[in-house]
Amino acid sequence: MELYFLRHAIAVDPVEYPPGRDSDRPLTPEGVKKMTRAAEGMQKLGLSFDDVLSSPYVRARHTAEIAAKGVGHKEKIRFTDAMTPGGSLKELLRALKEYEDSSKLLLVGHQPSIGEFVSELVTGQKGLSLDFKKGALCLVELDPGDSPHGRLKWFLTSRQLRAYA
């Protein structure tokens with residue numbers, strides 16, 4: 001299974017948003033523009049997804065919508081709390097069981113969780129984290145089995161994705 005991990009695009013600064021409403025923070029106009037261009041790069045790279053799973057937070061949901069539209073994905077985007085900032089790899093793997101028939105999944109979430117998921121899948125160790133900048137995308141090829149292990153195939157920043165557009 002191919003897991004494409006995408007960090008949400010640039011969002012409104014939490015300091016500028018009402019306290020306790022982090023999940024409602026939207027993307028900035030710059031974030032929308034850059035993610036739209038990055039999605040064009042994804043399309044030019046020939047990326048496609050069988051399913052899209054996203055954090056239900058507004059900024060991740062909007063990022064998932066832009067990416068899905070950019071590559072022509074017409075299926076419904078699904079949401080899982082496993083992709084929220086406090087999600088765990090165990091929760092994510094449990095959620096992925098519903099998608100065993102899918103070969104390519106786009107997973108949209110937040111840092112540090114997304115970096116921790118990729119690190120643990122690739123190294124098998126907890127406590128490490130890849131530094132995902134906003135709009136970064138990577139591909140992890142996941143081996144099936146009871147204790148999943150993955151291989152990092154590539155990692156692109158938002159700027160690199162936009163360069164392909």
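Modeller: Helices (H or I, at least four residues) and strands (E, at least two) are DSSP runs, numbered from the N terminus. This is a predicted model: local features need pLDDT of at least 70, side-chain atom pairs count only at pLDDT 80 or more, and totals for chains, interfaces and linings use all residues. Residues are numbered from 1 along each chain as its sequence is written, and side-chain values use heavy atoms, leaving out hydrogens and water.

Biologist: Which strands are at the edges of the open sheet?

Modeller: The sheet has six strands with mixed pairing (at least two DSSP bridges between two strands). Their order is E3-E2-E4-E1-E5-E6. An edge strand pairs on one side only, and that holds for strand E3 (78-79) and strand E6 (149-156).

Biologist: In which sense do strand E1 and strand E4 pair?

Modeller: Strand E1 covers residues 2-7, and strand E4 covers residues 104-109. Leu3 has Leu105 in E4 as its bridge partner, and Phe5 stands opposite Leu107 in E4. The two strands are joined over six bridges, and the sense is parallel.

Biologist: Strand E2 also joins E4. Which residue of E4 does Leu53 stand opposite?

Modeller: Strand E2 takes in residues 51-54 and runs parallel to E4, with four bridges between them. Opposite Leu53 in E4 stands Leu107.

Biologist: How many residues of E4 are buried?

Modeller: Buried means under 20% relative accessible area, exposed over 50%, and partly exposed in between (1.4 Å probe, protein chains only). E4 has six residues and is mostly covered. The number of its residues that are buried is five.

Biologist: Which element supplies the largest share of the largest nonpolar core?

Modeller: Such a core is a set of buried Ala, Val, Leu, Ile, Met, Phe, Trp, Tyr and Cys residues joined through side-chain atoms within 4.5 Å. This one has 24 residues, of which Leu6, Met35, Met42, Leu106 and Leu137 touch the most other members. At least two residues each come from E1, helix H1 (29-44), helix H2 (58-70), E4 and strand E5 (137-143). The largest share is five residues, and it comes from H2.

Biologist: What kind of peptide bond joins Gln111 and Pro112?

Modeller: Pro112 has its place in the loop between E4 and helix H4 (113-123). Most peptide bonds are trans. Between Gln111 and Pro112, omega is about 10°, and the bond is cis.
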